[in-house]
Amino acid sequence: CTCLFSDTDRALVLLEEYCKKLRKPEEQQLKKAIRKVMGIFKSSLFQALLGSFTKKATRHGTISHPSLPAAVACDALGCPKE
């Protein structure tokens, strides 16, 4: 991968950009929930679990590219495919 960021960092950037768009009072609960997800993505436990999952899934051929956090964020936010 030629990315400067890890996939988790990329997902965090996408989530942060989305949060900046949430300004209406009725969107604040969603913004709070997204910030919780961002905290989880930043946690060392998540990173360890993701690393373990990626190694196992790649070894078994169930995923071809270990970009789970970015894929989750892009699916949730409707990002264009690369």
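Q: Which residues make up the largest nonpolar core of this predicted model?
A: The model is predicted. Its largest nonpolar core counts ten residues in all. The members are Ala11, Leu12, Leu15, Cys19, Leu22, Ile34, Met38, Phe41, Phe46 and Leu50.

Q: Which helices each supply at least two residues of this core?
A: The core draws on several helices along the chain. Their spans are 7-21, 28-42 and 44-60. The helices are α1, α2 and α3.

Q: Which helix gives the largest share of this core?
A: Three helices each supply at least two residues. The largest share is four residues. That share comes from α1.

Q: How many helices and strands are in the chain, and what pattern does the chain follow?
A: The chain holds four helices and zero strands. Read along the sequence, the pattern is α-α-α-α.

Q: Are α1 and α2 roughly parallel or roughly antiparallel to each other?
A: The two axes come within 10 Å. They cross at roughly 165 degrees. An angle over 145 degrees counts as roughly antiparallel. The two helices, α1 and α2, are therefore roughly antiparallel.

Q: Is the crossing of α1 and α2 left-handed or right-handed?
A: Two packed helices are described by the angle between their axes and the distance between the axes. Here the axes of α1 and α2 cross at roughly 165 degrees and come within 10 Å. The crossing in which α1 passes α2 is left-handed.

Q: Which residues of α2 meet α1?
A: From α1, the residues are Thr8, Ala11, Leu12, Leu15, Glu16, Tyr18 and Cys19. On the α2 side they meet Leu30, Lys31, Ile34, Arg35, Val37, Met38, Phe41 and Lys42.

Q: Which residues is Ile34 in contact with, leaving aside neighbours within four places in sequence?
A: Ile34 is a member of the largest nonpolar core. It is also among the α2 residues that meet α1. Neighbours within four places in sequence are set aside. The contacts of Ile34 are then Leu15, Tyr18, Cys19 and Leu22.

Q: Is the aromatic pair stacked or edge-to-face?
A: The structure holds one aromatic pair. The rings of Phe41 and Phe46 have their centres 4.9 Å apart, with planes at 25 degrees. Planes under 30 degrees apart count as stacked. So the pair of Phe41 and Phe46 is stacked.

Q: What is the relative accessible area of Phe46?
A: Buried means under 20% relative accessible area. Its ring partner Phe41 is buried at 7%. Phe46 is buried too, with a relative accessible area of 19%.

Q: Is Thr8 buried or exposed?
A: Thr8 lies in helix α1. Its C-alpha is 9.4 Å from that of Met38, although the two are 30 residues apart in sequence. The relative accessible area of Thr8 is 4%, so Thr8 is buried.

Q: How far apart are the C-alpha atoms of Leu50 and Thr8?
A: Leu50 is found in helix α3. It is buried, with a relative accessible area of 12%. Leu50 and Thr8 are 42 residues apart along the chain. Their C-alpha atoms are separated by 9.5 Å.

Q: Does Leu30 count as buried or partly exposed?
A: Leu30 lies in helix α2. Not counting residues up to four places away in sequence, Leu30 touches Tyr18 and Leu22. Its C-alpha is 8.6 Å from that of Cys19, eleven residues apart along the chain. At 39% relative accessibility, Leu30 counts as partly exposed.

Q: What percentage of the residues of the chain count as buried?
A: The chain has 82 residues. Buried means under 20% relative accessible area. The share that counts as buried is 26%.

Methods. Residues are numbered from 1 along each chain as its sequence is written. This is a predicted model: local features need pLDDT of at least 70, side-chain atom pairs count only at pLDDT 80 or more; totals for chains, interfaces and linings use all residues. Side-chain values use heavy atoms; hydrogens and water are left out. Rings of Phe, Tyr and Trp (its six-membered ring) pair if their centres lie within 6.5 Å; planes under 30 degrees apart count as stacked, over 60 as edge-to-face and the rest as tilted. Buried means under 20% relative accessible area, exposed over 50%, partly exposed in between (1.4 Å probe, protein chains only). A nonpolar core is a set of buried Ala, Val, Leu, Ile, Met, Phe, Trp, Tyr and Cys residues joined through side-chain atoms within 4.5 Å. Contact means heavy atoms within 4.5 Å. Axes are lines fitted to C-alpha atoms, for helices over the stretch in contact, and angles run from 0 to 180 degrees between N-to-C directions. Angles under 35 degrees count as roughly parallel, over 145 as roughly antiparallel, 65 to 115 as roughly perpendicular and the rest as oblique. A crossing is left-handed if the near helix is turned anticlockwise from the far one by less than a right angle, and right-handed if clockwise.
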